[in-house]
There are 2 protein chains.
Amino acid sequence: MVKVSVEMEQAAVILKLLGDKTRLTMLKLLDEHTCCVCEFVEIFQVSQPSISQHLRKLRDVGLVKEERKGQWIFYSLNKTNAYYTFLVPLLEQLPDQRYRLKELEENGTRINCC
Amino acid sequence: MVKVSVEMEQAAVILKLLGDKTRLTMLKLLDEHTCCVCEFVEIFQVSQPSISQHLRKLRDVGLVKEERKGQWIFYSLNKTNAYYTFLVPLLEQLPDQRYRLKELEENGTRINCC
DNA sequence: TGCGTATATAAGTATATAGTTATATACTTA
DNA sequence: TAAGTATATAACTATATACTTATATACGCA
């Protein structure tokens with residue numbers, strides 16, 4: 001008997017959240033680095049509220065956690081979350097996204113806020 | 001360097017398809033057994049077109065394949081599909097759905113068509 | 001305290017999605 | 001060939017989703 005880590009309904013909820021290119025990329029990035037909202041805004045070239053709303057959805061199911069450091073709020077993967085082990089084999093198969101952070105560093109937008 | 005099995009955009013498309021309870025359960029069932037449309041109709045208690053439309057989406061990305069046997073069309077997981085290995089660790093973590101087929105057998109609705 | 005920056009939330013909108021009913025197509029069998 | 005069963009597609013509808021702009025809140029610093 002294979003161990004079941006999540007129920008069907010919960011799994012579908014999580015997978016629906018991952019089924020968005022922006023959120024999926026966010027999670028892959030967060031698996032590699034802590035990021036703040038303004039970095040995501042720069043990376044994805046969408047409005048700041050749009051990023052906040054994506055992060056809220058991920059936070060609402062506990063996939064990510066936030067930590068305020070002064071003016072900025074840093075997001076990271078919540079590795080204690082029940083769904084984290086469900087996520088891991090997925091994220092492992094996704095292409096490395098660290099080049100995006102490197103791009104930020106190159107044009108100075110990473111330094112600006114973090 | 002971890003081997004990348006899928007690109008971001010494709011992964012998001014696949015995960016969005018999995019982010020629906022009906023389709024996710026279908027895939028888990030198909031991982032265990034071949035099924036035909038009428039069985040899914042019975043299991044999920046939705047209209048036949050609804051089931052057909054779900055199956056079409058899964059077929060369009062190549063996750064499932066169909067095989068006509070007389071009057072019936074049997075669906076199964078397409079294990080040669082590029083996304084199959086992406087899927088496997090996910091499906092493994094989902095609860096076994098064979099009890100649903102057992103239920104069909106018990107009330108005779110499995111026999112009716114397959 | 002007042003201003004600038006970072007983030008969150010509210011409200012609105014366009015599009016996507018999942019279901020429905022109606023109908024078409026394909027096969028089986030009398 | 002006609003009737004019955006299985007499946008697919010078309011058209012429609014209600015709801016969900018992802019974005020936008022406008023505004024509120026929180027923090028740092030002069």
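Let's start with one pair of side chains: B:Lys21 makes a salt bridge with A:Glu9, and their closest N and O atoms sit 2.9 Å apart. Side chains of opposite charge can pair when their charged atoms come close. On the chain B side, helices H1 (8–18), H2 (21–32) and H5 (84–92) each bring at least two residues to the side that touches chain A. H1(B) gives the most to that side, with seven residues. Sorted by class, the side of chain B that touches chain A has 14 nonpolar, six polar and eight charged residues.

Before I go on, please keep in mind that this is a predicted model.

So how many salt bridges are there between chain B and chain A? The count is two, and the one I opened with is among them. Over all chains, the count comes to nine salt bridges. Our opening pair crosses between chains, running from B:Lys21 in helix H2 of chain B to A:Glu9 in helix H1 (residues 8–18) of chain A. As for polar contacts across the interface of chain B and chain A, two residue pairs turn up.

Now let's step back to the whole interface. The size of an interface is often given as the accessible area lost when the parts come together. Here chain B and chain A bury about 2,400 Å² between them, and 70% of that is on carbon and sulfur atoms. Which residues of chain B lose the most area to chain A? They are B:Met8, B:Leu15 and B:Gln93, which together make up 29% of what that side buries. In terms of residues, the contact takes 28 from chain B and 28 from chain A.

Next, a quick look at chain A by itself. Chain A has seven helices and three strands. Read from the N terminus, its elements go α-α-β-α-α-β-β-α-α-α. The C-alpha atoms of chain A fill a box of roughly 50 × 25 × 20 Å along the principal axes. What about the radius of gyration of chain A? For 114 residues, a compact globule would be near 13 Å, and chain A has 15 Å, which agrees.

That brings us to the DNA, and I'll take strand C to begin with. There are 27 residues around DNA strand C, and those that come nearest are A:Gln48, A:Tyr75, B:Ser47, B:His54 and B:Lys57. Of the strand C atoms within 4 Å of the protein, 66% belong to sugar or phosphate, and the rest to bases.

Let me show you some individual contacts on this strand. The side chain of A:Gln48 has an N or O atom 2.6 Å from a base nitrogen of DNA strand C. A:Gln71 also points us to a base, with a polar side-chain atom 3.0 Å from a base oxygen of strand C. For the phosphates, have a look at A:Arg56, where a polar side-chain atom lies 2.9 Å from a phosphate oxygen of DNA strand C. Both protein chains supply this surface: helix H3 (37–44), H4 and strand S3 (72–77) of chain A, along with H2 and H4 of chain B, each give at least two residues. By class, the surface near strand C has nine nonpolar, eleven polar and seven charged residues.

And now over to strand D. Which residues are closest to DNA strand D? Out of 26 surrounding residues, they are A:Ser47, A:His54, B:Gln48, B:Ser52 and B:Tyr75. Sugar and phosphate make up 62% of the strand D atoms that come within 4 Å of the protein.

Two phosphate contacts here come from chain B. B:Ser52 has a polar side-chain atom 2.7 Å from a phosphate oxygen of DNA strand D, and for B:Arg56 the distance to a phosphate oxygen of that strand is 2.9 Å. From chain A, the side chain of A:Gln53 places an N or O atom 3.2 Å from a base oxygen of strand D. Helix H4 (48–60) of chain A, with helix H3 (37–44), helix H4 (48–60) and strand S3 (72–77) of chain B, each supply at least two residues of the surface near DNA strand D. That surface has nine nonpolar, ten polar and seven charged residues.

Thanks for listening, everyone!

Conventions. Residues numbered from 1 in each chain as written. Chains lettered and ligands numbered in written order. Predicted model: local features only at pLDDT ≥ 70, side-chain atom pairs only at ≥ 80, totals over all residues. Heavy atoms only, no water. Contact = heavy atoms within 4.5 Å. Buried area = accessible area lost by both parts, 1.4 Å probe. Salt bridge = Lys/Arg side-chain N within 4 Å of Asp/Glu carboxyl O. Polar contact = N/O pair within 3.5 Å; in protein donor to acceptor, adjacent residues only side chain to side chain. Helix = DSSP H or I, 4+ residues; strand = E, 2+ residues; numbered from the N terminus. Nonpolar A, V, L, I, M, F, W, Y, C, P; charged D, E, K, R; others polar. Near = heavy atom within 4 Å. Rg over C-alpha atoms; globule rule 2.2 N^0.38 Å.
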